[in-house]
Amino acid sequence: MKRIGSILIVLILILIINGWKITAQEPVELTVLTSKPGAEIQPVMWGVFFEDINFAADGGVYAELIKNRSFEFTLPMTGWRLLTRQNGAGRMIPTFYSPSRPSNPHFMRAYIDPAVGTFAFTNEGFRGMGIKKDEQYNFSVSARLSEDSDIRMTVELMTSEGKSICKADLPGFSGTWKKYQLSFKASETALKAQMRIVLTGKGSIDLDMISMFPADTWKGRPNGLRRDIVEMIAALKPGFIRFPGGCIVEGREIANRYQWKNTVAPPEDRKVIMNRWNVEIENRQAPDYFQSFGLGFYEYFQLAEDIGAEPLPILNCGMSCQFNAAEVIPINELDQYVQDALDLIEFANGEITTKWGKLRTDMGHPEKFNLRYIGVGNEQWEEQYIERYRIFEKAIKAQHPEIKIVSGSGPYSSGRYFDYAWSELRKLNPDLIDEHYYMPPEWFLNNATRYDKYDRQGIKVFAGEYAVHGKEGVEPESRNSWWSALCEAAFMTGLERNADVVNMASYAPLLAHVDAWQWRPDLIWFDNLTTIGTPNYYVQKAFSNYKGTRIIPVLSAGKPLTGQDGLYASSTIDMKSGKLYIKIVNTSDKKRPVTLSLGALPYVKDGVKETLTSENPGDFNSISNPKLIYPVLMPVKIAGKKINSETEPLSVNVFLIDFKIR
Ligand code: AHR
């Protein structure tokens, strides 16, 4: 019996040893050449792309809660509803100011039915209004009482079930236009509240700019931006913010293009126009999507300054969207467009004695905004673009050689338009060429080496819009899958390894409202109360927060890791703060042990590993489960300047190593 027992133990041991041999993997040996720092990483390397798409501005980061506050939508009653059954009776008649007010030509005349003496109407907000318990809301209205009228106003916030959660009165009005204000606090939180206005008395009253903002905005600025959304953007520590788009720069027609000068008047005089995304996407139409420009160019510059990002405005180059009307301004009429670009530089950087510098000062910012980059055109193509770009470049470089110009290579990552743009732009002097790729996951995996082949001395690349576009899913957020984020991370190691060629990069688009999106995937999703980061967001955050200042080569068997066994790697160093960052993306379904040799680093302290992973490639974050995919930090031991660690299947890993500064 004893013998049989011993044989069994030996057999079990053999099985364990053989089993271990079958399943265990040799660690991937990675040499991190810390003694050979390569090219510089530009401070602007990782930025954000902001466009008013998916209710990103109105209904999103611009905290205004009233939709169609100035009755300037094509149908002036959009967003408003008369309550004539239980809530009195009356009429609202869209009325015109004298032609002297072309920027905001309509107001609303509200009549109370004399037989009833009360009349109510509501505003639905942007897919409802997000109202928070105990928070203060600031209401305002421009009003003028008609002759022989006597009217009082009650303003109320109601839940979607009709419960009143906030109520206050505006006591009296005069016969001349005046702005009236009140503040109140909500007794409950509501995701989709509405505002009800009740008029009591007799006669009629003229109303305009009916507005309501939370008091708690980003930096507490009155009538400012939604704090939670800006905080999410700021946490990325973006090197730049590209604005205002995107196709919105171009307009479906030239008349509907983005004109920055129309966005720097007082808010009530910023001419409202249709948002080009309201009818653009056939199965995602949003006829109630307009641009109030409450978030205008001054606010964009201010936001950039607030979050420490370089402003990167993209301007219309005299062409409307070539996928839509494709209108082109004749060359001999292009002056106004070029002048808009020059004036924008003056608005941002001009002395306070200049026309546009004075406007900036009058708006509250005598200091310069230090604009250093400007983009000419968005996704334009063929010779119409090059002819116009050339004129812009000449004018801007002549007056402002200090400004870096971003040109475009069209909407596609390769092909006729792309090749033509590159070959023509090489004959000119843009500082950067903007490349866009909305491509399937495999494209991103295969293109981690895309920039290895680019001319090191050539024009620098701005990867200005990119995102993995996979398959349509059921949930609004579902296309921001873990797999999409993982493939972007693999690709981004290629951008980082080639930071001498790729100087700037931004995922696109940035924001989307869960109930009002036109385009997905998007980096950050929000509803009326909450904001969530997608897995793609946490990938962007890892690259941007752990940026470094120089490239460090990471080699496996003498070569960069660009997909061997599903692994991708890049590394950067920051000699000033004493940080080494090693990023390893494991796109395989196997755990991979890794050994990292850190070479000649001076005294190395222990480090940590930040891991982003999820078992299922189809997983995604949602409003109800916002942190399903979320970075986790673990200490790593460093022995003899070596790290023995592992990477989980389907994971993005950043090794953060502190070392002693010389
Ligand atoms: O990011 C959404 C759109 O994609 C942008 O407006 C446009 O530039 C691109 O086609």
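In this predicted model, a useful place to begin is K583, which stands opposite V654 in strand β36. K583 belongs to strand β30, where it is also the bridge partner of S570, and β30 itself spans residues 579–586.

Following β30 outward to its neighbours, one finds that strand β36, made of residues 651–659, runs antiparallel to β30 and is joined to it by 8 bridges. Strand β29, covering residues 567–574, likewise runs antiparallel to β30, and 8 bridges join these two strands. β29 and β30 form a hairpin with 4 residues between them, and in the turn G578 has a positive phi of about 70°. As for its surroundings, β30 is mostly covered, since 7 of its 8 residues are buried.

From the strands, the reader may turn to the empty space inside the model. A search of the whole structure finds 4 cavities of 30 Å³ or more. The largest cavity holds about 160 Å³ of space, and of the 19 residues that line it, R69, S70, F73, V272 and S292 lie nearest its centre. The lining of this largest cavity divides into 7 nonpolar, 5 polar and 7 charged residues.

The second largest cavity has a volume of about 110 Å³, and its lining includes P244, W260, F297, L315 and Y337. The elements that give two or more residues to this lining are β17, residues 310–315, and α4, residues 335–349. Sorted by class, the lining of the second largest cavity has 8 nonpolar residues, together with 2 polar and 2 charged ones.

Notes
Residues are numbered from 1 along each chain as its sequence is written. This is a predicted model: local features need pLDDT of at least 70, side-chain atom pairs count only at pLDDT 80 or more; totals for chains, interfaces and linings use all residues. Side-chain values use heavy atoms; hydrogens and water are left out. Buried means under 20% relative accessible area, exposed over 50%, partly exposed in between (1.4 Å probe, protein chains only). Two strands pair if DSSP finds at least two bridges between them. On a 1 Å grid over the protein atoms alone, a cavity is a set of points where a 1.4 Å probe fits but cannot get out, and a pocket is an open set with protein on both sides within 12 Å along at least five of seven lines; lining residues have an atom within 4 Å of a point. Grid points are joined across faces, edges and corners, and a volume is the space filled by probe spheres set on the points. Ala, Val, Leu, Ile, Met, Phe, Trp, Tyr, Cys and Pro count as nonpolar, Asp, Glu, Lys and Arg as charged, and the others, Gly among them, as polar.
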